[in-house]
Amino acid sequence: MRDHAAIKLAFWKSALSLPAGERVGPAPPELVQYIALDNIANDYPERPRATSPDPGLLADLKSAIADLPAEIWALFPKRLAGLYFVDGLGGTGYTDYVFDARGKPVAAFVVLDAGVLAGQSANAWATWKENTPFKADTRYKLEARIEAANGDNRKNALQYILLHELGHVFSVGTDIHPPWNTEPRHIAPASKYPFFDLSWKIDRKANKYRSRFDAGFPQRARTVYYFGAKLDASEMAATYASLHGTNFPSLYAATVPGDDFAESFASYVHVVLMNRPWQITLSSDGAPVATFKSCWDEARCAAKKNQLEQLLKSARKG
Ligand SMILES: [Zn+2]
């Protein structure tokens, strides 16, 4: 896999010469093969397949791009190898590095699951995703709301997924967090990752990332999205109460450093720059139990918000 064509800059040269908005379409066979190998390496049960996304889905993705703040989309022409559809990805989106001839990550490709996205509105997709860490139990309900009723459509589901993946692309070649292709114990002790440092520590002995909040957040280590829920539905309220004591903008952000930044980026652009809703509502036996909102107006996320704004500002200049 380390020598695969799909992760080499040379393979993406012609894609990178197109306008960024045109680097969109079915995944090339080399890419499908690479992500199939990656799923095997990670023990994911799904086997990605090539697909031709229907024209409506492509049109929705293009309009989701067109609808982004122009100054955000303008950050990506150099770093984004493109947005490509497959079927059977497992999860909804996936981003991985593209390396230059010296083995340095210089760009990234984004893969999206056409089948999962085919019929999803924004709130249905977000509700599905945010339920995946919890075992099904009809007594407990979690509802996510990322759009008002008049924007609750597939284009906006795609836009939120896209923003998360663009967060991963944004981090390429920066010191936001350690590279995701390197094991925690191999991160150089002297290296500095200011955004990462707000929430994470390296446990070299266990070869794991730990959050700085783990003592008050016992559910974090059992939070697994998409495959094999480990938390009982009865733990939803306690999990979100713990999350509120952290600087993570969402539960998914608390899983690994890379997703902390991707979620922070997506949530910040969506809520602060685009003025859209973001809310998780928990209920038990039909009665509301708790509401969890985006944190950008709360003191707990102030330092993170400040760093994000600085990062965006210097990216715009550079
Ligand atoms: Zn991610």
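Mentor: Let's start with a definition: a salt bridge is a side-chain nitrogen of Lys or Arg within 4 Å of a carboxyl oxygen of Asp or Glu. Keep in mind that we are reading a predicted model.

Trainee: Happy to. How many salt bridges does the structure hold?

Mentor: There are 16 salt bridges in the structure. One of them joins the side chains of Glu235 and Arg222, at 2.7 Å from N to O. This pair links distant parts of the chain, 13 residues apart, with both Glu235 and Arg222 in the loop between strand S8 (208-211) and helix H9.

Trainee: Is Glu235 buried or exposed? And what about Arg222?

Mentor: The cut-off helps here: buried means under 20% relative accessible area, exposed over 50%, and partly exposed in between. Glu235 has a relative accessible area of 17%, so Glu235 is buried. Arg222 has 32%, so Arg222 counts as partly exposed.

Trainee: Which salt bridges join into one network by sharing partners?

Mentor: Shared partners join Asp67, Glu147, Lys155 and Arg276 into one network. Within it, the side chains of Glu147 and Arg276 meet at 2.8 Å, N to O. Glu147 lies in the loop between strand S6 (140-145) and H7, and Arg276 in the loop between H10 and strand S9 (279-284), so this pair ties together parts that are 129 residues apart in sequence. Glu147 is buried, because its relative accessible area is 3%. Arg276 is buried too, with a value of 19%.

Trainee: How exposed is Asp3, which also forms a salt bridge?

Mentor: Asp3 pairs with Lys8, and their side chains meet at 3.0 Å, N to O. Asp3 is exposed, since its relative accessible area is 60%, while Lys8 is partly exposed at 34%.

Trainee: Let's turn to the metal. Which protein donors does the zinc ion have?

Mentor: For a metal, read the donor atoms and then their places along the chain. The zinc ion has His164 (NE2), His168 (NE2) and Asp259 (OD) as its protein donors, 2.0 to 2.1 Å away. Along the chain, these donors follow the spacing H-x3-H-x90-D. Because His168 lies in helix H7 (residues 154-171) and Asp259 in helix H10 (residues 257-273), the pair ties together parts that are 91 residues apart in sequence. His168 and Asp259 are both buried.

Trainee: How many aromatic pairs are there?

Mentor: Rings of Phe, Tyr and Trp pair if their centres lie within 6.5 Å, and by this rule the count is 27 aromatic pairs. Take Tyr240 and Phe292: the ring centres are 5.2 Å apart and the planes stand at 65°, so the pair is edge-to-face. Tyr240 lies in helix H9 (residues 236-243) and Phe292 in strand S10 (residues 287-293), so the pair ties together parts that are 52 residues apart in sequence. Tyr240 and Phe292 are both buried. Elsewhere, ring pairs link Phe11, Trp12, Tyr34, Tyr84, Tyr94 and Phe109 into a cluster.

Trainee: What sits over the ring of Phe170?

Mentor: That is the charged end of Arg79, 4.9 Å from the ring centre of Phe170.

Trainee: One last feature: which residues make a nonpolar surface patch?

Mentor: Met1, Leu37 and Ile40 make a nonpolar surface patch of about 250 Å². Met1 is placed in the segment before helix H1 (9-17). With 39% relative accessibility, Met1 counts as partly exposed.

Notes
Residues numbered from 1 in each chain as written. Predicted model: local features only at pLDDT ≥ 70, side-chain atom pairs only at ≥ 80, totals over all residues. Heavy atoms only, no water. Donors = N, O, S within 2.8 Å, 3.2 Å for Na, K, Ca; no water. Helix = DSSP H or I, 4+ residues; strand = E, 2+ residues; numbered from the N terminus. Buried < 20%, exposed > 50% of the residue type's maximum accessible area, 1.4 Å probe, protein only. Phe/Tyr/Trp six-rings, centres within 6.5 Å; stacked < 30°, edge-to-face > 60°. Lys NZ or Arg CZ within 6 Å of the ring centre and 35° of its normal. Patch = residues over 30% accessible without salt bridge, like charges linked within 9 Å, V, L, I, M, F, W, Y side chains within 5 Å. Areas by Shrake-Rupley, 256 points an atom, 1.4 Å probe, with all protein chains shown as cover.
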